[in-house]
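Thank you for asking me to look over this entry before you take it to the bench. My remarks are set out point by point, so that each can be checked against the coordinates.

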Amino acid sequence: MSFGSDLTERAFGTLDAFQIEIPSWGFANTGTRFGKFVQAAAASTIEEKFSDAAEVHRLTGSTPTMALHVLWDLPNGVDDVEKVRLLAAKHGIRSGSINPNLFQDQEYKFGSLCNPSAEIRGHAVQHMIDSIHIATGLGSKDISLWLPDGSNYPGTQSIRRRVSWLEEALHASHAELTEGQRLLVEYKPFEPAFYHTDIADWGMALHLAKVAGPQARVLVDTGHHYSSQNIEQLVAWLLHTGMLGGFHFNDRRYADDDLTLGSIDPYQVFRIFHEIHTGAAEGLGLDVAFMIDQSHNLKGKLEAMVQTVMSAQELWLKSELVDREQLADLQDKCELVRAEELFRGAFWQDVRPLVAQWREARGLAVDPLCALREGGYVERISKERAGKQSTGGSYA
Ligand code: LRH
Ligand code: MN
């Protein structure tokens, strides 16, 4: 199927500009509370994670940065910065968003930044500050905070006192940011807390980001919503208020399942991307970080990551091909079916040949998944890493 030269040029420009960040923990052996199925090829060192990220970028051309999780990737904190800087340079992958970890230490049983103990809140704020210093040392722009804080039973914690402690802690953390850095506030309705979660939805995250300071924004993890929630609507609101900082993309059937992007509801990602394209086209001057946040419990880690980036490239291009001018006209004329058919029509378009054309033109593998299988990288690392895998331990 041939696409006109204009469309091809537009598509190539769209794909050239598309970048999505991959999570270091996506290459590690992860599981659920019921266990972990170990893969020989899984990464267990930060060097192996950079090597895997480089392979994904070599194959897809769209993943130049890797998100790092402080305790998992820099267990010695700022003392690991030099080592990580050298690995990033060696593998040609830049350090991306820095994720503080306030969900492992035993002292955070009743919360971290929201803990009733001022001493424990102080430790948590210090971890935030250390994470910001790590970001400064690695040249990372975003410090991406997710808090597990909450409670499991009614009446056991003061929800409002915890809000005040959280505002204070985020304001103190924000004060440590250097110019150009951002604090991204991620919300999640539940898990690991099962009665209340201190940052449970986009409104709470927006308020906290505003109180924290001008360099704070909201991060939308697509898996952190009740199933009936209209995610693209809250994305539109965050765009409208100038508070959208970034995304953690994944997919889910039930809760925070962390499945591969587009595996359950690709149309959801298309609708979100449409809001971003529309905002950009209307000159909103967006600075929205696209990141993947998935756990590949059953699929091969590299395969799942390459598949995810390919899906994201395709859905990003599909949503760019919506004739937004004509759509706006039909919307304002309330031509419902025409508008819907125009909108959905773009989603039904098979852009895979066009993306393959772009890959070929950019010297990339026309079919990255096929190239991964034929390239022998996974077989090689499986041999190199055999026997190093642990079945126990935490999430990643
Ligand atoms: C929490 C979350 C958060 C990460 C973690 C790995 O569910 O989405 O973004 O820190 O997953
Ligand atoms: Mn997330």
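The numbered points below take up the metal site, the cysteines, the open and enclosed spaces, and a few individual residues.

1. Please keep in mind throughout that this is a predicted model, and that the values quoted here are computed from its atoms.

2. I would begin with the manganese ion (ligand 2), whose protein donors are Glu186 through OE, Asp221 through OD, His248 through ND1 and Asp293 through OD, at 2.1 to 2.2 Å from the ion. Along the chain these donors follow the spacing E-x34-D-x26-H-x44-D. Two of them link distant parts of the chain, since Asp221 belongs to strand β10 (residues 216-221) and His248 to strand β11 (residues 244-249), with their positions 27 residues apart in numbering.

3. What geometry does the site of the manganese ion (ligand 2) have, given its six donor atoms? The site is octahedral, with angles among those six donor atoms that run from 72 to 168°. For reference, the ideal angles for six octahedral donors are 90 or 180 degrees.

4. Are the donors Asp221 and His248 buried or exposed? Asp221 has a relative accessibility of 0% and therefore counts as buried, and His248, with a relative accessible area of 2%, is buried as well.

5. On the cysteines, the structure holds zero disulfides, a disulfide being a covalent bond between the sulfur atoms of two cysteines. If you are thinking about cysteine accessibility, Cys334 is exposed, its relative accessible area being 57%, whereas Cys370 counts as partly exposed because its relative accessibility is 29%.

6. The second largest pocket has a volume of about 560 Å³. Its lining comprises 28 residues, and those that lie nearest its centre are Gln19, Asp287, Val288, Ala289 and Phe290. Several elements contribute to this lining, with β5 (94-99), α9 (266-281), β12 (289-292) and α10 (301-320) each supplying at least two residues.

7. How many cavities of 30 Å³ or more does the structure hold? There is one, and the largest cavity has a volume of about 50 Å³. The residues that line the largest cavity include Lys188, Pro189, Phe190 and Glu191, together with Gly223, His224 and His225, and also Arg252, Tyr254, Ala255 and Asp256.

8. Asn101 sits in the loop between β5 and α5 (118-138), and, with a relative accessible area of 1%, Asn101 is buried. The side chain of Asn101 makes a polar contact of 3.1 Å with the side chain of Gln104.

9. Ser5 makes a contrast in exposure that a reader may wish to inspect: Ser5 lies in helix α1 (residues 5-17) and is exposed, with a relative accessible area of 54%. The side chains of Ser5 and Asp6 are joined by a polar contact of 3.5 Å.

10. Lastly, Val351 is placed in the loop between α12 (336-348) and α13 (352-361), where a relative accessibility of 2% makes Val351 count as buried. The C-alpha atom of Val351 is separated by 9.6 Å from that of Leu321, although the two residues are 30 residues apart along the chain.

Methods
Residues numbered from 1 in each chain as written. Chains lettered and ligands numbered in written order. Predicted model: local features only at pLDDT ≥ 70, side-chain atom pairs only at ≥ 80, totals over all residues. Heavy atoms only, no water. Disulfide = S-S within 2.5 Å. Buried < 20%, exposed > 50% of the residue type's maximum accessible area, 1.4 Å probe, protein only. Donors = N, O, S within 2.8 Å, 3.2 Å for Na, K, Ca; no water. Tetrahedral: all angles 85-135°; square planar, octahedral: opposite > 155°, others 65-115°. Helix = DSSP H or I, 4+ residues; strand = E, 2+ residues; numbered from the N terminus. Polar contact = N/O pair within 3.5 Å; in protein donor to acceptor, adjacent residues only side chain to side chain. 1 Å grid on protein atoms, 1.4 Å probe; cavity = no way out; pocket = protein on both sides within 12 Å on 5 of 7 lines; lining within 4 Å. Points joined across faces, edges and corners; volume = space filled by probe spheres on them.
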